[in-house]
Amino acid sequence: MVRSALFLALAALMPVAAPAEQLPEVVQRAEVLPGWRTPEGTHIAALHLTLAPGWKTYWRAPGEAGIPPRFDWAGSENLANVRMHWPRPQLFELNGLTTVGYHDELILPLELSPRNAAEPIVLMADVEMGVCNEVCIPVSLKLDAHLTAAAGGPDAAIRAALTDKPETAAEAGVRDVRCAAEPIRDGMRLTASIDMPRLGADEFAVIEAGDPTIWVAEATSERAGGALTSVTDMVPSDAKPFAVDRSKLTITVFGDAGRVVEISGCRG
């Protein structure tokens, strides 16, 4: 597989794109949108990728055929925490499997918490992302950003990405979520029963374990009246049965007309 390196530089107030000769053909533009400081002292920025027509990149939970994105912020300075606000993703079919992601473009808002709100954030990161069409190409990005406390005002593109988010459980009318877990030879089988209004004729659920070291199979889902039941297998790195923390589970349900509902945690 081809491996490409991208370097993203960011001035204090202006987005700077990676030079075209550094980009693989499937990535037409890559830049960091510098964003703004919030009244709470955090800094809102964003990673902006423009892909070649027909190409896609993946959501945080890409599906069995996808490449999960990975972010390493270890080289940063004055950075206490990074929270990624993933926009509402879409479902795609790849070699008979369902994958989750974005086509043509991704604006991924980053909420950065500085250790000292009065000082600039020196953002340095290694990012691994998959870009796919008929084949998948792993792409390496290196981000190097200097974000000052006197950065500009809110960016309309970042604002739009922050607004384009999944519905919450309350917004979608979710009434109850129960999860039953049983050990299997190499991990855990989880059955989630979600009492919620139907999202359309075809509903698809993605279950996340809350631990990136745990592999989660594509869930099988079926509707019975007011409840959607989804079943998946979870396999940890040591391939042994384990106890699942229901409070850390995330269940995302996809429906018709682009509806996406994100549910945090479930009851036993």
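**Exercise 1. Which element gives the largest share of the lining of the largest pocket?**

Solution. The structure is a predicted model.

Step 1. Start with the volume: the largest pocket holds about 1,500 Å³. Its lining is made of 46 residues, and Trp59, Arg60, Ala61, Trp86 and Glu208 are the closest to its centre.

Step 2. List the elements that each supply at least two lining residues. They are β5 (70–72), β6 (81–84), β8 (97–103), α1 (156–163), β12 (167–168), β15 (204–208) and β16 (215–216).

Step 3. Pick out the largest share. It comes from β15, with five residues.

Step 4. Sort the lining of the largest pocket by class: 26 residues are nonpolar, eight are polar and twelve are charged.

**Exercise 2. Describe the second largest pocket by volume, centre, elements and residue classes.**

Solution.

Step 1. The volume of the second largest pocket is about 450 Å³.

Step 2. Of its 23 lining residues, Arg88, Pro89, Gln90, Gly101 and Tyr102 are the closest to the centre.

Step 3. Two or more residues of this lining come from each of β7 (90–94), β8, β9 (105–113) and α1.

Step 4. By class, the lining of the second largest pocket divides into eleven nonpolar, five polar and seven charged residues.

Step 5. Set the element lists side by side. β8 and α1 appear in the list for the largest pocket, and β8 and α1 also appear in the list for the second largest pocket.

**Exercise 3. Find the disulfides, and give the pairing and handedness of each.**

Solution. A disulfide is a covalent bond between the sulfur atoms of two cysteines.

Step 1. The count for the structure is two disulfides.

Step 2. Cysteine 132 is bonded to cysteine 136, with an S to S distance of 2.0 Å. The angle about this S-S bond is 120°, and the link is right-handed. Cysteine 132 has 3% relative accessibility; buried means under 20%, so cysteine 132 counts as buried.

Step 3. The other bond is between cysteine 179 and cysteine 266, whose sulfur atoms are 2.1 Å apart. This disulfide is left-handed because the torsion about its S-S bond is about -120°.

Step 4. Place the ends of this bond in the chain. Cysteine 179 belongs to strand β13 (residues 176–184) and cysteine 266 to the segment after β20 (260–264), so the bond ties together parts that are 87 residues apart in sequence. Both cysteine 179 and cysteine 266 are buried.

Step 5. Number the bonded cysteines in sequence order. The pairing reads 1-2, 3-4.

**Exercise 4. Locate three salt bridges and one network, and say what parts of the chain the pairs link.**

Solution. Side chains of opposite charge can pair when their charged atoms come close.

Step 1. A search of the whole structure gives twelve salt bridges. Three pairs are worked through below.

Step 2. Aspartate 126 and lysine 142 form a salt bridge in which the closest N and O atoms are 2.7 Å apart. Aspartate 126 is in strand β10 (residues 121–132) and lysine 142 in strand β11 (residues 136–147), so this pair links distant parts of the chain, 16 residues apart. Aspartate 126 has a relative accessible area of 33% and is partly exposed. Lysine 142, at 47%, is also partly exposed.

Step 3. Glutamate 167 meets arginine 259 in a salt bridge of 2.9 Å, N to O. Glutamate 167 lies in strand β12 and arginine 259 in the loop between β19 (250–254) and β20, so the pair ties together parts that are 92 residues apart in sequence. Arginine 259 counts as partly exposed, with 29% relative accessibility.

Step 4. Aspartate 233 and arginine 189 form a salt bridge of 2.6 Å, N to O. It links strand β18 (residues 227–235), which holds aspartate 233, to strand β14 (residues 187–195), which holds arginine 189, with the two positions 44 residues apart in sequence count. Arginine 189 is partly exposed, at a relative accessible area of 30%.

Step 5. Look for a network. Salt bridges link Arg60, Glu208 and Glu262. Arg60 and Glu208 are also among the residues closest to the centre of the largest pocket.

**Exercise 5. Is tryptophan 36 buried or exposed?**

Solution.

Step 1. Tryptophan 36 is located in strand β2 (residues 27–37).

Step 2. Its relative accessibility is 6%, so tryptophan 36 counts as buried.

Step 3. Tryptophan 36 and alanine 150 are 114 residues apart in sequence, with their C-alpha atoms 8.0 Å apart in space.

Notes
Residues numbered from 1 in each chain as written. Predicted model: local features only at pLDDT ≥ 70, side-chain atom pairs only at ≥ 80, totals over all residues. Heavy atoms only, no water. 1 Å grid on protein atoms, 1.4 Å probe; cavity = no way out; pocket = protein on both sides within 12 Å on 5 of 7 lines; lining within 4 Å. Points joined across faces, edges and corners; volume = space filled by probe spheres on them. Helix = DSSP H or I, 4+ residues; strand = E, 2+ residues; numbered from the N terminus. Nonpolar A, V, L, I, M, F, W, Y, C, P; charged D, E, K, R; others polar. Disulfide = S-S within 2.5 Å. Buried < 20%, exposed > 50% of the residue type's maximum accessible area, 1.4 Å probe, protein only. Salt bridge = Lys/Arg side-chain N within 4 Å of Asp/Glu carboxyl O.
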